[in-house]
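Dear colleague,

I am handing over the structure below, and my notes on what was found in it follow. Please read them with the model open beside you.

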Amino acid sequence: MRNNTKKLTLTSILVAMNVVLSNLIYIPIGPIKAFPMQHFTNVLCAVLVGPWYGLAQAFISSLIRNIFHTGSLFAFPGSMIGVLLSAILFHRFKAIKYAAIGEWIGTGFIGSFCTIPIMLMMNINLNGFMPIFYAFIASSLAGSLIAYFLLKLLDRRNLLRRMG
């Protein structure tokens, strides 16, 4: 029970951190806003709390940003697929680099293609897909790298074991 409470508390802190940081650092590109801090938070969640809490964090963060009109519907598929693949790869291989790679592939590639139905629902011309694709790639790479370096630093100082 204590471990679940700890994970829930950490997930809540990461949601709050994500929402605040995403309002400070974002890149507007057409109908989307690229949030490198979402990807940063996703990799942290993958390593610290696992796939299900990470998935909850991505959904809740995206929902809050949409409620406050600081995000877009494109946040849901990218962030949720990214954190899930990130956590699965991290827990499979037990290496931080796979968490970062999972986020980049999950959001940058898979998640960006999952935005096509949203584009169609919003009557956005699919010719606008390539800028969205590149934005997802760049944003997820930037956030994943920041998280990777932070987690490696924490790991070198044996702080990750204390958190787990």
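Helix 2 covers residues 36–48, and because each residue should add 1.5 Å, its 13 residues should span 18 Å (1.5 Å times one less than the number of residues), which agrees with the 18 Å between its end C-alpha atoms. Helices here are DSSP runs of H or I with at least four residues, numbered from the N terminus.

This is a predicted model, in which local features need pLDDT of at least 70 and side-chain atom pairs pLDDT 80 or more, while totals for chains, interfaces and linings use all residues. Residues are numbered from 1 along each chain as its sequence is written, and side-chain values use heavy atoms, with hydrogens and water left out.

In helix 2, 13 of the 13 residues are buried (under 20% relative accessible area, with exposed being over 50% and partly exposed in between, for a 1.4 Å probe and protein chains only), so this helix is largely enclosed by the rest of the structure. Glycine 50, which follows helix 2, has a positive phi near 90 degrees.

The largest nonpolar core (buried Ala, Val, Leu, Ile, Met, Phe, Trp, Tyr and Cys residues joined through side-chain atoms within 4.5 Å) has 21 residues, and among those with the most contacts inside it are Leu44, Val47 and Leu48. Two or more residues each come from helix 2, helix 3, helix 4 (75–93), helix 5 (96–113) and helix 7 (129–156), and helix 2 gives the most, with 8 residues. Another core, of 8 residues, lies apart from it and includes Phe74 and Ile118.

Best regards
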